[in-house]
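Please walk through the structure shown here with the sequence alongside. The text starts from one pair of residues and works outward.

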Amino acid sequence: MFEFERPRGGERALLVHINFPHQPDQDDLAEFVELVHSADVDNVDLIIGTRQQATAKTFVGKGKLEEIAAQVESQQIDVVLFNHALSPSQERNLETALQCRVLDRTGLILDIFAQRAQSFEGKLQVELAQLRHLSTRLVRGWTHLERQKGGIGLRGPGETQLETDRRLLAKRIKYLNGRLSKVARQRQQSRQARTRAEVPTVSLVGYTNAGKSTLFNALTDSSVYAADQLFATLDPTLRKLQLSEQQTVILADTVGFIRHLPHDLVAAFRATLVETREANLILHVVDCADDNRQEKIEAVNKVLHEVGAGEVPQLLIYNKIDVVGFDPRVDLDDQQHAWRIWLSAITRSGFDGLIEVLRNRFCEKSAFYKLVLQSNEGQIRAFLFESGAIENENYENNGDIHLKLRLTPSLFKGLQRRFEISADRFKILDDALAGAA
């Protein structure tokens, strides 16, 4: 839909990283190299420099720009990637000077997300983020197509190409927001159904490449794509995790976070991250072998606050103990509550401790009941069967069904609320009678 008079992209990349001594919160160079690797481009060379502050016109100084241009020409570079946020004018000026495609850190992350999106919702979210990012850069691409010149014989049809493009882009953004709103309503209906069934949700979050998907696959016997690269997982996935015969939780795998995550992406993926905001518990997965793990924990918590999930209870999962040679363990706070678990998603060492902690948090003490259903109450039996609450059942000649049930307090209340069953219909069985019932 949108065309730009700019050099075509390619696969041979030149990386540029500038250190600013007076800016403490700078993007990490090693992480930038990982991002480039995740984008599947050929990292030809890396140029590093130091400046007190960025120049307004080209971000880098004249000498550094000449060094970059020389490398672009000699190495036949297709795209120059900056580990920084560039303004639209800086990108345009750099492309004019270098005669090749220029992408900043935000554009690189958007490109990775575009490659990773598989689901319908994921593709909508990525396109929305790209268009929002593009809307601030339209003036660069359409200056050559200006049609309102002014003067006799030079007046345009009333709308410049830039105005036309902005209008089309705004229309597309409105359409995508509408589609995503529909998806959000469908997700809300699913969450309401889980709430009615008293099924808790546990959300996996963490810095990208911390091992969330590997842990998710190991816990749920799933085959979600997992790889040693940034943003291997983009589309959220929900699976059941059986903690006991009576208790099931929904485990949600989410997109990885990163420092300085583009605001356009946070806004676009807000519907997906609602799963995290409305979770009963967040499992914050941390790469314990990472020397910068504390900074990354703070970066994840910052994004959680942005999406309204800052108050959801957290349990820290220190993953990859096999890399550092640590033993699995569960760390307790002053109230003897688990707050950190050390494990390995690859070797599954420490899983017993994690499952035990989740059981203690979500598994309620069950009680045995006897309930008689009439022949026209098949929906109640179906609900009980799906919940795994039926221990035994006998059918009478008149069609009545005698059930022996094992119910948690929350399931008992949910059953009464959903089907408006009087508590008088339930007969409590003690453990001795339950075995003989």
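In this predicted model, K370 stands opposite K404 in β14. The two lysines belong to a ladder in which strand β12 (residues 367–373) pairs with β14 in the antiparallel sense, over 7 bridges. Strand β14 covers residues 401–407. On another pairing, β14 is joined to strand β13 (residues 390–395) by 5 bridges, and these two strands also run antiparallel. Within that ladder, Y395 has I401 of β14 as its bridge partner. The connection between β13 and β14 is a hairpin with 5 residues between the strands. In its turn, G399 has a positive phi of about 95 degrees. How many of the 7 residues of β14 are buried? The number is 6, and the strand is mostly covered.

The next region is an open sheet of 4 strands, with parallel pairing and the order β2-β1-β3-β4. At its edges are β2 (42–50) and β4 (101–103), each of which pairs on one side only. Neighbouring strands in this sheet are turned by 20 degrees against each other on average, with direction ignored. Helix α1 (residues 29–38) packs on the sheet and touches β1, β2 and β3. The direction of α1 makes about 160 degrees with that of β1.

Inside the sheet, strand β1 (residues 12–19) and strand β3 (residues 79–82) form a parallel pair over 4 bridges. L14 has V80 as its bridge partner in β3. Strand β3 is also joined to β4, by 3 bridges and again in parallel. There, L81 stands opposite L103 in β4. In a regular strand the side chains alternate between the two faces of the sheet. In β3, V79 and L81 point one way, whereas V80 and F82 point the other way. Which of these four are buried? All are.

F82 leads on to the aromatic residues. Ring pairs link F82 with F20 and F59 into a cluster. The count of aromatic pairs in the model comes to 8. Such a pair is described by the distance of the centres and the angle of the planes. For F20 and F59 the distance is 5.7 Å centre to centre and the planes are at 85 degrees, an edge-to-face pair. This pair links distant parts of the chain, as F20 lies in the loop between β1 and α1 and F59 in the loop between β2 and α2 (62–75), 39 residues apart. Are these two rings on buried or exposed residues? F20 has a relative accessibility of 3%, so F20 counts as buried. F59 has a relative accessible area of 6% and is therefore buried.

Another aromatic pair is formed by Y318 and W342. The ring centres are 4.7 Å apart and the planes are at 55 degrees, so the pair is tilted. Here too distant parts of the chain are linked: Y318 is in strand β9 (residues 314–319) and W342 is in strand β11 (residues 338–342), 24 residues apart. Both residues are buried. Y318 has a further partner, R340, whose charged end sits over the tyrosine ring, 5.1 Å from its centre.

Two helices complete the tour. Helix α5 (residues 120–135) has 16 residues, which should span 22 Å at 1.5 Å a residue. The C-alpha atoms at its ends are 23 Å apart, so the length agrees with that expectation. Buried residues in α5 include G122, L124, V126, L128, L131 and L134. The buried set also takes in E121, Q125 and H133.

In helix α11 (residues 293–306) lies V303. V303 has a relative accessible area of 4%, and because buried means under 20%, V303 counts as buried. The C-alpha atoms of V303 and R259 are separated by 8.7 Å, although these residues are 44 residues apart along the chain.

Methods
Residues are numbered from 1 along each chain as its sequence is written. This is a predicted model: local features need pLDDT of at least 70, side-chain atom pairs count only at pLDDT 80 or more; totals for chains, interfaces and linings use all residues. Side-chain values use heavy atoms; hydrogens and water are left out. Two strands pair if DSSP finds at least two bridges between them. Axes are lines fitted to C-alpha atoms, for helices over the stretch in contact, and angles run from 0 to 180 degrees between N-to-C directions. Contact means heavy atoms within 4.5 Å. Buried means under 20% relative accessible area, exposed over 50%, partly exposed in between (1.4 Å probe, protein chains only). Rings of Phe, Tyr and Trp (its six-membered ring) pair if their centres lie within 6.5 Å; planes under 30 degrees apart count as stacked, over 60 as edge-to-face and the rest as tilted. A charge sits over a ring if NZ of Lys or CZ of Arg is within 6 Å of the ring centre and within 35 degrees of the ring normal. The expected span of a helix is 1.5 Å times one less than its number of residues.
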